[in-house]
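Subject: Handing over the structure, with notes

Dear colleague,

I am passing on to you the structure that we spoke about, together with the notes I made while going through it. Please keep the sequence and the coordinates open beside this message as you read.

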Amino acid sequence: MPRVLVNGVGTIGKRIAHAIKLQDDMELIGVADIAPTSVLKNVLSEFGPLNGVDLYASTEEGKKSLEKGGLKVKGLLKDLLEKREVDLIVDATPGGVGAKNKEIYRRYGVKAVFQGGEEAEVADMTFNAVVNYEEAIGKDFVRVPSCNTTGLVRTLHALHSNIGVNYAFIALARRAADPWEYKKGPINAVSFSSVPSHHAPDVLTVLKDIKAFSMAIVIPTTLAHTHILEVEMKREASLEEVLNAFEKQTRVILLDMKEYPSTSMIIEKFRDYCRSRYDMYEIAVIKDSVNVEGRRVRWFQVVHQEADVVPENVDAIRAMLKIEEDKWKSIEKTNRSLGIIK
Ligand code: NAD
């Protein structure tokens, strides 16, 4: 069975590691980190989802730190790589660290998936399962873009592949921090990101034949990002056609504003479903926000920043290791294993 290791076990890494553990066609051979965080201790503990998974230290310093923090370290990541015991690493270290780690992965001939905090140039391609799975087959270095980019690519692709998109204007209200991050803010302000924000250029690394511009603000919430889009389609389309395009798109769901008038109500839905950590892997399009005027369509959508990239990472692994060459088989398998609605 192909052997996969997750390097960096924080918000994203712990979820990806858990998702890999749920697959029956790949093996989570270990996780690696440099710091004995409470997150790492929790997930590896007898109560955590990674109980029994081997822990490696990503650096010599990290080994000392992990052991000092009371964690049992199986060895150094570099020694494991030297023995050629890993086929692929999912690098979920903080933005910029992955690019430095790439040299190590290259030296030991191990494939790697990078996350959205890295520049697009870190990898051979930027991945979305529906858009370009085939291109990732057998690739050595692939990047899964950020949570926002992943969400935007899913809905824009739905419209582009069914109706055609010329241009998208994207306004993002970004969550200030992940729920556990008590030191980040703002807590009583709206802050502006430089214009244009990096999101539209990032979307264009996947959807190469549309035009887009994005502006972002950061708001005091931790639950999810909210996007407002205005898209110029290639031709006029009916509201029904647009809703059908979203309806058909995997990992996109339509929610009624009357039942779900806020991000908190949407997140509550996934708490009620008893999803692990209330993870919403799907992008929620607010159905009654969708409005069409000639060739223009506008809507609200909600992205759970901690979760939507997780299924894309699992599919990227399958493509790169040639575990499955049919993208729909991979997508369906990942969706089923994570309980994704559609
Ligand atoms: P995080 O800070 O929650 O976790 C990072 C983990 O990496 C920590 O456990 C840290 O100890 C470990 N680490 C740090 N340096 C390391 C090294 N040299 N070697 C091994 N481990 C190291 O970060 P995160 O939020 O999970 O982000 C990881 C990546 O995912 C980033 O590229 C980020 O941009 C991207 N991402 C984050 C989110 C989000 O909302 N948090 C969403 C999508 C993508």
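What follows goes through two buried residues, three helix pairs and some points in the backbone.

Please bear in mind from the start that this is a predicted model, and that the values below are computed from it.

**Two buried residues**

I would begin with Asn 7, which belongs to strand β1, the stretch covering residues 3-7. Asn 7 has a relative accessible area of 2%, and because the cut-off for buried is under 20%, Asn 7 counts as buried. The side chain of Asn 7 is in polar contact with the side chain of Ser 58, at 2.7 Å. Leaving aside residues up to four places away in sequence, Asn 7 touches a number of others, among them Ala 32, Asp 33, Leu 77 and Ser 58 itself, then the run Ile 89, Val 90, Asp 91, Ala 92 and Thr 93, and also Asn 101 and Tyr 105.

The second residue is Arg 251, which sits in the loop between α9 (239-248) and β13 (252-255). Arg 251 is likewise buried, with a relative accessibility of 1%. Its side chain takes part in a polar contact of 3.3 Å with the side chain of Glu 312, and a polar contact of 2.8 Å links the side chain of Arg 251 with that of Asn 335.

**Three helix pairs**

Two packed helices are described by the angle between their axes and the distance between the axes, and I have followed that pattern for each pair here.

The axes of α1 (residues 11-21) and α11 (residues 309-320) come within 9 Å of each other and cross at roughly 55 degrees. Angles of 65 to 115 degrees would count as roughly perpendicular and those under 35 degrees as roughly parallel, so α1 and α11 are described as oblique to each other. Their crossing is right-handed. On the α1 side the contact is made by Ile 12, Arg 15, Ile 16, Ala 19 and Ile 20, which meet Val 309, Val 310, Asn 313, Val 314 and Ile 317 of α11. Sorted by type, the residues of this contact between α1 and α11 are 8 nonpolar, 1 polar and 1 charged.

For α7 (residues 147-162) and α9, the axes come within 9 Å and the crossing angle is roughly 120 degrees, and these two helices are therefore oblique to each other as well. The crossing in which α7 passes α9 is right-handed. Here Thr 155, Ala 158, Leu 159 and Asn 162 of α7 meet Val 242, Ala 245, Phe 246 and Lys 248 of α9, and the residues of the contact divide into 5 nonpolar, 2 polar and 1 charged.

The third pair is formed by α6 (residues 129-136) and α12, whose axes come within 9 Å and cross at roughly 120 degrees, which means that α6 is oblique to α12. This crossing, too, is right-handed. The contact is made by Ala 129, Val 130, Tyr 133 and Glu 134 from α6, together with Lys 327, Trp 328, Ser 330 and Ile 331 from α12; its residues comprise 5 nonpolar, 1 polar and 2 charged.

**Points in the backbone**

Most residues other than glycine have a negative phi, and most peptide bonds are trans. With that in mind, I would ask you to look at the following places.

- The peptide bond from Gly 185 to Pro 186 is cis, with an omega near 5 degrees, and Pro 186 is located in the loop between β9 (165-175) and β10 (191-192).
- The peptide bond from Val 195 to Pro 196 is also cis, with omega near -5 degrees, and Pro 196 belongs to the loop between β10 and α8 (199-203).
- Arg 277, a residue other than glycine, has a positive phi near 50 degrees; Arg 277 lies in the loop between α10 (263-272) and β14 (283-286) and, at 25% relative accessibility, is partly exposed.
- Lys 322, which is not a glycine either, has a positive phi of about 55 degrees, and Lys 322 is part of the loop that runs between α11 and α12 (327-338).

With best wishes

Key:
Residues are numbered from 1 along each chain as its sequence is written. This is a predicted model: local features need pLDDT of at least 70, side-chain atom pairs count only at pLDDT 80 or more; totals for chains, interfaces and linings use all residues. Side-chain values use heavy atoms; hydrogens and water are left out. Helices (H or I, at least four residues) and strands (E, at least two) are DSSP runs, numbered from the N terminus. Buried means under 20% relative accessible area, exposed over 50%, partly exposed in between (1.4 Å probe, protein chains only). A polar contact is a pair of N or O atoms within 3.5 Å; within protein, one must be able to donate a hydrogen and the other to accept it, and residues adjacent in sequence count only if both atoms are side-chain atoms. Contact means heavy atoms within 4.5 Å. Axes are lines fitted to C-alpha atoms, for helices over the stretch in contact, and angles run from 0 to 180 degrees between N-to-C directions. Angles under 35 degrees count as roughly parallel, over 145 as roughly antiparallel, 65 to 115 as roughly perpendicular and the rest as oblique. A crossing is left-handed if the near helix is turned anticlockwise from the far one by less than a right angle, and right-handed if clockwise. Ala, Val, Leu, Ile, Met, Phe, Trp, Tyr, Cys and Pro count as nonpolar, Asp, Glu, Lys and Arg as charged, and the others, Gly among them, as polar.
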